[in-house]
Amino acid sequence: MTFPGSAAWRHEDARTGFEVTRFRRHEGGWLVEGATTAVEDGAAWAVRYSLTVSPQWTLRSARIAGLGPRELEIEADGRGHWRLDGRPAPHLDGCLDLEASAMTNTFPVHRLALPAGGRAEAPAAYVRAADLGVDRLEQTYEHLAPGRYGYAAPAFGFACVLEYDDTGLITRYPGIAVRHPATVGA
C-alpha cells in the first residue's frame, strides 16, 4: 500500500476551504501531517494536525491545533481506549477511528477491509474544528463496489457514497470535499 507523498482536497457545499496532507511511513504504519482551513456558517477556522496511525489502521496519537492557543493531544491504545490531553476519555470507549477531516475517512476503510456488500459500525472520536472539542460519533460504512462505500453519520442526519482511489485514499466526499485533481494518483 502506497499513498502519494501528499494530497489536497477542496471543501464543497457545507463549507469553503482547502485541506492539504502529507503521508510518511512510520513504524509500519503512517505519519499523516496536514492542515485544513474553511469558512463554515459564516465563521472561519483553521486546524493543523499530526496523526500517527498503526499498521492495523487505528489511530495511536494525534496532535491537533486550531487558531489561537488551543492544542489537543490524543492518545489511543488501538483497542478502543482514549486519552485527551492526558486524561482518560471513557465517552470514546470502543472507538477505533478519528473523524476530523475528509481525509480521515480513509483509515476505517483500510481497517475494516469489508468485502463487497459488507457493512460495519465504526464509531469514531469526532474533533470539532471550531473549539477542538471531542465527541463520540456513531457512523457506518458499507462496501458498495470497488472504490465506493456507503457512509452514514446519523447524528448529523448525513449519508452519502464516498469514493476512493486504488490506494484507498478518499477522492470524493459528497457535500464535504473533493480531492484536488493534481493530487489524484500523484
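In this predicted model, the structure holds 2 cavities of 30 Å³ or more. The largest cavity has a volume of about 70 Å³, and the second largest cavity contains about 30 Å³ of space.

The lining of the largest cavity consists of Thr36, Trp45, Val47, Tyr49, Ile64, Ala100, Val127, Arg128, Ala129 and Leu132. The element that gives the most to this lining is β4, with 3 residues. Sorted by class, the residues around the largest cavity are 8 nonpolar, 1 polar and 1 charged.

Around the second largest cavity lie Tyr49, Leu51, Ile64, Leu98, Ala100, Ser101, Met103 and Thr104. This lining has 6 nonpolar and 2 polar residues, with no charged residue. Tyr49, Ile64 and Ala100 occur in the linings of the largest cavity and of the second largest cavity.

The largest pocket holds about 560 Å³ of space. It is lined by 24 residues, and those closest to the pocket centre are Arg15, Glu40, Tyr126, Phe156 and Ile176. Four elements give two or more residues to the lining of the largest pocket: β3 (29–40), β4 (43–53), β11 (124–127) and β14 (148–153). β4 thus appears in the lining of the largest pocket and also in that of the largest cavity.

The classes of lining residues are set out below.

| Space | Nonpolar | Polar | Charged |
|---|---|---|---|
| Largest pocket | 16 residues | 3 residues | 5 residues |
| Largest cavity | 8 residues | 1 residue | 1 residue |
| Second largest cavity | 6 residues | 2 residues | no residues |

β11, one of the elements that line the largest pocket, also belongs to an open sheet of 3 strands. The strand order in this sheet is β9-β11-β12, and the pairing is mixed. β9 (97–99) and β12 (134–137) are the edge strands; each has a single partner strand, so one side of each is left without a neighbour in the sheet. From one strand to the next, the twist averages 35°.

Strands of a sheet pair through backbone hydrogen bonds, in either a parallel or an antiparallel sense. Between β11 and β12 the pairing is antiparallel and runs over 4 bridges. Ala125 has Arg136 of β12 as its bridge partner.

Note on methods
Residues are numbered from 1 along each chain as its sequence is written. This is a predicted model: local features need pLDDT of at least 70, side-chain atom pairs count only at pLDDT 80 or more; totals for chains, interfaces and linings use all residues. Side-chain values use heavy atoms; hydrogens and water are left out. On a 1 Å grid over the protein atoms alone, a cavity is a set of points where a 1.4 Å probe fits but cannot get out, and a pocket is an open set with protein on both sides within 12 Å along at least five of seven lines; lining residues have an atom within 4 Å of a point. Grid points are joined across faces, edges and corners, and a volume is the space filled by probe spheres set on the points. Ala, Val, Leu, Ile, Met, Phe, Trp, Tyr, Cys and Pro count as nonpolar, Asp, Glu, Lys and Arg as charged, and the others, Gly among them, as polar. Two strands pair if DSSP finds at least two bridges between them. Axes are lines fitted to C-alpha atoms, for helices over the stretch in contact, and angles run from 0 to 180 degrees between N-to-C directions.
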